[in-house]
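Me: I have a structure open and would like to go through it with you. Can we start with one residue and work outwards?

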Amino acid sequence: MLAPIKPIKRARVGLYTIGLKAYWNQFSGLKERLIEYGKFIETKMSQYGDVYNYGLVDSEAEARRAGEWFNERNVDIVFCHSGTYSTSSAILPVHQICKAPTVILNLQPTERMNYEQTTTGEWLAHCGACPTPEIANAFNRSGIKFRVVNGLLGLDYTPAISLTNEKTDDRKEAITAWNQIHEWIQAASVPRTLRHSRFGFLGNTYSGMLDMYSDFTMIQAQTGVHIENLEMCDLDRLVKEVTATEVQSKLEEVYQFFDISGDSPSDPIAKKPTSEQLDWSCKVAVAQEKLVREYDLDALSYYYHGTPNSEYEKLQSGFIVGHSLLTAKGIPCSGEGDLKTAIAMKICDILGTGGSFSEIVVIDYIDETILLGHDGPFHLAISDGKPILRGMGLYHGKQGTGVSVEAKVKTGPVTTLNVTQTGDGKLKCIISEGLSTNGPIMQIGNTQTPVKFKEHPDVYMERWFNEAPTHHCAMSHGHNASLFTKVGELLSCKTVTL
């Protein structure tokens, strides 16, 4: 796979464990035991993000100090580990001071108490569920949004102090809980990365596609993304500087990641790419990567119609190959000036799930699938085999000719993420899980993936269209609805799963 141009920012994770200060002198070893549980959680979380463990919070004064401490570390999310009972007044100040999203961890260390031998101190080490409703009530009445993860702690050993079995790492309740924790930390990396991102907007939006017009101020207000307006002359300048050696190197890269087609057996406008078309696409691709580096871009949305037979029409005819390569390198590129779908693609890429530019191609009522795809760009990381490059004698609905990508997403679970905009200007996420099948596709130079959703295509489309989507979406590999929903929540976007 191609090396990413820029690394993804890991989430900064706040963690603390709660307890009642009065217990420490009453029950020997309880405090140290809870701290040990917190250390276990810290170590395991550190696989997914940068963890800042404050330790034990057992009074309102300590809670205030913890809130300030988390603010100083600029955390993206805070996990409150409910270790044992604590009054909610000793917890609330953490989150009144630190406004990061909150998740309560109700993780019981044992699958079952040793009822015959348990002491009060032993019980208190396992009663994390006891204060959780009190905390939830206090948060709710204070206007603090929160979520709860319930389950088992998942230790791979039993502490010496314990009177019962605490090795629960193979229990479904531990596995499910840690999958949820992993998703929350993954999701928290998205707002952090977007807040530090620069999206290029090259050219303009395809004229008349009203669903795709975007308010740049609202985009930045809701995601933190900076949008850099770029001109075709910025790219044209870089194209003129490309050397023959650079073109040859890019051509070798193209041959490594693409198959070159012959003439389409069905479509007269889809031909074997000429050497001139390939050379031009590679020359433009070199310039595209230089543009990304010069302007420090994390994603790009583009479209330019161009006067017939003009230099800029020729320039845009070479876009698709280079933009597919950039998408594979962690710089998602969305066509037709669809900035909102660039955000959807970037979310998918941050989470390591791909993210290909797609729209409805056609319905197959025999297989009951919906073919989703476009003329590019395509995310090479989720391709079913090598994508094919076809020469296009005509870009349908657009001017010019050039090279396009024909490919399909690998078979198996997929999830589409549509980022649209509502009448009040707010972003909205629409999520759908389905299965990519091995059904046939057309040989016309477009990406196409047959997707079977859980409902008949007509039923699914009615539900989808009623949500007023943008007509493009990002296709990701895997069933990611739970993960994408958490991202939407952390971005304060209305989120719908179909």
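Reply: Fine. This is a predicted model. A place to begin is Asn53, which lies in strand E2, residues 50-57.

Me: Is Asn53 buried or exposed?
Reply: Asn53 is buried, because its relative accessible area is 18% and the cut-off for buried is under 20%.

Me: Which side chain does the side chain of Asn53 join in a polar contact?
Reply: That of Glu42, at 3.0 Å. A polar atom of the Asn53 side chain also lies 2.9 Å from the backbone nitrogen of Gly55.

Me: And which residues does Asn53 touch, leaving out those up to four places away in sequence?
Reply: Leu15, Tyr16, Gly38, Lys39, Glu42 and Trp69. Glu42 is thus on the contact list as well as being the polar partner.

Me: Switching to strands. Why is E19 described as largely enclosed by the rest of the structure?
Reply: Strand E19 covers residues 473-477, and 4 of its 5 residues are buried, so the rest of the structure largely encloses it.

Me: Which strands does E19 pair with?
Reply: E12, residues 354-364, pairs with E19 in the antiparallel sense over 4 bridges. E16, residues 412-421, also runs antiparallel to E19 and is joined to it by 4 bridges.

Me: Which residue of E19 is the bridge partner of Ser358?
Reply: Cys473. For another E19 position, Met475 stands opposite Thr416.

Me: Charges next. How many salt bridges does the structure hold?
Reply: The structure holds 27 salt bridges. One of them is between the side chains of Asp50 and Arg10, at 3.0 Å from N to O. That pair links distant parts of the chain: Asp50 is in strand E2 and Arg10 is in the segment before strand E1 (12-18), 40 residues apart.

Me: How accessible are Asp50 and Arg10?
Reply: Asp50 counts as partly exposed at 30% relative accessibility. Arg10 is partly exposed too, with a relative accessible area of 36%.

Me: Why would such side chains pair in general?
Reply: Side chains of opposite charge can pair when their charged atoms come close.

Me: What about a salt bridge within one helix, where do Arg65 and Glu62 lie?
Reply: Both lie in helix H3, residues 60-72, 3 residues apart, which is about one turn of the helix. Their side chains meet in a salt bridge of 2.9 Å, N to O. Arg65 is partly exposed at 46% relative accessibility, whereas Glu62 counts as buried at 18%.

Me: Which residue does Asp76 meet in a salt bridge?
Reply: Arg192, with 2.6 Å from N to O between the side chains. This pair links distant parts of the chain, 116 residues apart: Asp76 is in the loop between H3 and strand E3 (77-81), and Arg192 is in helix H7, residues 172-195. Both residues are buried.

Me: Which residues are joined into one network by salt bridges that share partners?
Reply: Lys250, Glu253, Glu289, Arg293 and Lys329.

Me: Back to H7. Where does Thr176 sit relative to Asn150?
Reply: Thr176 lies in helix H7. Its C-alpha is 8.9 Å from that of Asn150, and the two are 26 residues apart in sequence. Thr176 is partly exposed, with a relative accessible area of 45%.

Me: Now helix H6. Which of its residues are buried?
Reply: H6 covers residues 132-141, and the buried ones include Thr132, Ile135, Ala136, Ala138 and Phe139. They cover an arc of only 165 degrees around the axis, so they are on the same side of H6.

Me: What is on the other side of H6, and what covers the buried residues?
Reply: Pro133, Asn140 and Arg141 are exposed on the other side of H6. The cover over the buried residues includes E1, helix H4 (92-97), strand E4 (102-108) and strand E5 (146-152).

Me: What follows H6?
Reply: Gly143, whose phi is positive, near 75 degrees.

Me: Last, the whole protein. How many helices and strands are there?
Reply: There are 16 helices and 20 strands. The C-alpha atoms fill a box of roughly 85 × 45 × 45 Å along the principal axes. Buried residues make up 58% of the 498 residues.

Me: What about surface and contacts?
Reply: The accessible surface comes to about 20,100 Å², and 50% of that belongs to carbon and sulfur atoms. Of the contacts with a separation of 6 or more, 78% are between residues 24 or more positions apart.

Note on methods: Residues are numbered from 1 along each chain as its sequence is written. This is a predicted model: local features need pLDDT of at least 70, side-chain atom pairs count only at pLDDT 80 or more; totals for chains, interfaces and linings use all residues. Side-chain values use heavy atoms; hydrogens and water are left out. Helices (H or I, at least four residues) and strands (E, at least two) are DSSP runs, numbered from the N terminus. Buried means under 20% relative accessible area, exposed over 50%, partly exposed in between (1.4 Å probe, protein chains only). A polar contact is a pair of N or O atoms within 3.5 Å; within protein, one must be able to donate a hydrogen and the other to accept it, and residues adjacent in sequence count only if both atoms are side-chain atoms. Contact means heavy atoms within 4.5 Å. Two strands pair if DSSP finds at least two bridges between them. A salt bridge is a side-chain nitrogen of Lys or Arg within 4 Å of a carboxyl oxygen of Asp or Glu. Accessible areas come from the Shrake-Rupley method with a 1.4 Å probe; for residues, only the protein chains shown count as cover. The arc is that of the directions from the helix axis to the C-beta atoms.
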